[in-house]
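Here are my notes for you, set out point by point. Have the model open beside you as you read.

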Amino acid sequence: MAEEFPMTGGDGPNSYAKNSNSQRVAADGAWGMLVASIFENLDIQTLPSRPTTASSTIFRIADLGCSVGPNTFIQVNNIIDAVSQKYHQSAVELPEIQVYFNDLVSNDFNYLFATLPRDRQYFAAGVPGPFHGRLFPKASLNFVYSSYALHWLSKLPQELGDANSPAFNKGRILHGSAPYEVGQAYTAQYAKDIECFFHARGQELAPGGLMVLLIPGRPHGTLPAQSSLAPYYAPLESTLADMVNEGLLSEDKFDSFNLPFYCPSVEELGTLIEENGCFDILKFEIEAAQTPAIFPNVQECRAGMENILKNHFGDEIIELLFDRYSKNKNIAGSASLFADDGLAVGFFVLVKRKYL
């Protein structure tokens, strides 16, 4: 069973709910394309329905990797607004809407559902489980959405922590600026995961159903070593390295720690989708970063990384680690901005389930 590292739950100062503004800004930047994509490509005349009465149908939406909100609620409302406009423009009565919120089993679903909008115009349900596999019955979904979640791998390549392997990622926590073999190990695992993801969605989406994916990626012609996420996590890497140099962490522990993230190139992702064979790519846009190139502050880092760090290094060093992280020269003061090298791009991908 794959290990799970959810975002920090609840509403405390280090929670994802309080420290996910950069993800919100990135998703908000795609709002116009999201609405237009639904309005222009949703074919409501041919969508399969499951009648509950003689005149009632259900439109089913899934947000994969929803975390704990509030971002997921904002984007779900945007999706429903666009779907509503499409039905209104087509002079078809809007059906009842069912929204499925998906994330890992260990996600804080209690907080998610405690903060559901009271004025929501949909029925809500939680679907726990990794999105690299099947989650829903065949042809049961009409729209799938996932925002900045698909860069997470289902597991790390084992060779990254093997000192005898050419892919041993010594002294690094990601594949940025790493040897070719390290990048290839990440690439191979990502390909396996995306193949599983699209195979599952190919079964779950009804023919004509749409899927919108927002994914951090790399520009044309770049290598894994040019990872767009690597600079973002440089302060965490240097903080850990400093603790090793001062004898506060073992070198073996540091060298065996890697983040399960991968940003594909345009060519990689496009090829993987086409190889699946179940989807037509209707839109594949490359967007520049929507936020300034700013290192995550200590609360943002804890919101996303605390669980994975605890799992590898243990609870006892967490407070010391983040105290030192907060004092890292790259985090403190005006130095929190890092150089924008143009590699931090986001993909807006719209695909449609083929009529087979």
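The points below go from the sheet to the cores, the salt bridges and two loop residues.

1. First, a reminder that this is a predicted model. Please read every value here as computed from that model.

2. Let's start with the sheet. It is open and has seven strands in the order β3-β2-β1-β4-β5-β7-β6, with mixed pairing. The edge positions belong to β3 (123-128) and β6 (279-288); each has a single partner strand, so one side of each is left without a neighbour in the sheet. From one strand to the next, the twist averages 15°.

3. Now look at β1. Seven of its seven residues are buried, so β1 is largely enclosed by the rest of the structure. In a regular strand, side chains alternate between the two faces of the sheet. Here both faces are covered: one side carries Ile58, Arg60, Ala62 and Leu64, the other Phe59, Ile61 and Asp63, and all are buried.

4. What are the neighbours of β1? Strand β1 runs parallel to β2, joined to it by seven bridges, and Asp63 has Phe101 of β2 as its bridge partner. Between these two strands the chain passes through α3, in a right-handed β-α-β crossover. Strand β1 also runs parallel to β4, with three bridges; there, Ile61 stands opposite Phe143.

5. Further along, β5 (residues 205-217) and β7 (residues 345-353) pair in the antiparallel sense over eight bridges. Pro216 has Gly346 in β7 as its bridge partner. Two helices that pack on the sheet are worth a look. Helix α3 touches β1 (58-64), β2 and β4, and its direction makes about 150° with that of β2. Helix α8 (residues 266-276) touches β5, β6 and β7, at about 165° to the direction of β6.

6. On to the nonpolar cores. The largest has 70 residues, and Met211, Leu240, Leu259, Met305 and Leu309 have the most contacts inside it. Leaving aside residues up to four places away in sequence, Met305 touches Trp152, Tyr233, Leu236, Leu259 and Phe261. Another core, of 32 residues, lies apart from the largest one; Met33, Ile97, Phe109 and Leu350 are among its members.

7. How many salt bridges does a search of the whole structure find? The search finds eleven. Glu204 takes part in two that I would check by eye. One is with Arg134, where the closest N and O atoms are 3.5 Å apart; this pair links helix α5 to the loop between β3 and β4, 70 residues apart. The other is with Arg201, at 2.8 Å from N to O, and both of these residues lie in α5, about one turn of the helix apart. Glu204 is buried at 0% relative accessible area and Arg201 is buried at 1%, whereas Arg134 is partly exposed at 38%.

8. Asp255 and Lys170 form a further salt bridge, with the closest N and O atoms 2.8 Å apart. Asp255 lies in helix α7 (residues 251-255) and Lys170 in the loop between β4 and α5, so the pair ties together parts 85 residues apart in sequence. Asp255 is buried, at 5%, and Lys170 is partly exposed, at 41%.

9. Finally, two residues other than glycine have positive phi values. Ala91 is near 55°, in the loop between α3 (71-89) and β2 (96-103), and is exposed at 72% relative accessible area. Tyr148 is near 50°, in the loop between β4 (141-147) and α5 (180-204), and is partly exposed at 24%.

Terms used. Residues are numbered from 1 along each chain as its sequence is written. This is a predicted model: local features need pLDDT of at least 70, side-chain atom pairs count only at pLDDT 80 or more; totals for chains, interfaces and linings use all residues. Side-chain values use heavy atoms; hydrogens and water are left out. Helices (H or I, at least four residues) and strands (E, at least two) are DSSP runs, numbered from the N terminus. Buried means under 20% relative accessible area, exposed over 50%, partly exposed in between (1.4 Å probe, protein chains only). Two strands pair if DSSP finds at least two bridges between them. Axes are lines fitted to C-alpha atoms, for helices over the stretch in contact, and angles run from 0 to 180 degrees between N-to-C directions. Contact means heavy atoms within 4.5 Å. A crossover is right-handed if, with the strands pointing away from the viewer, the path from the first strand over the helix to the second runs clockwise. A nonpolar core is a set of buried Ala, Val, Leu, Ile, Met, Phe, Trp, Tyr and Cys residues joined through side-chain atoms within 4.5 Å. A salt bridge is a side-chain nitrogen of Lys or Arg within 4 Å of a carboxyl oxygen of Asp or Glu.
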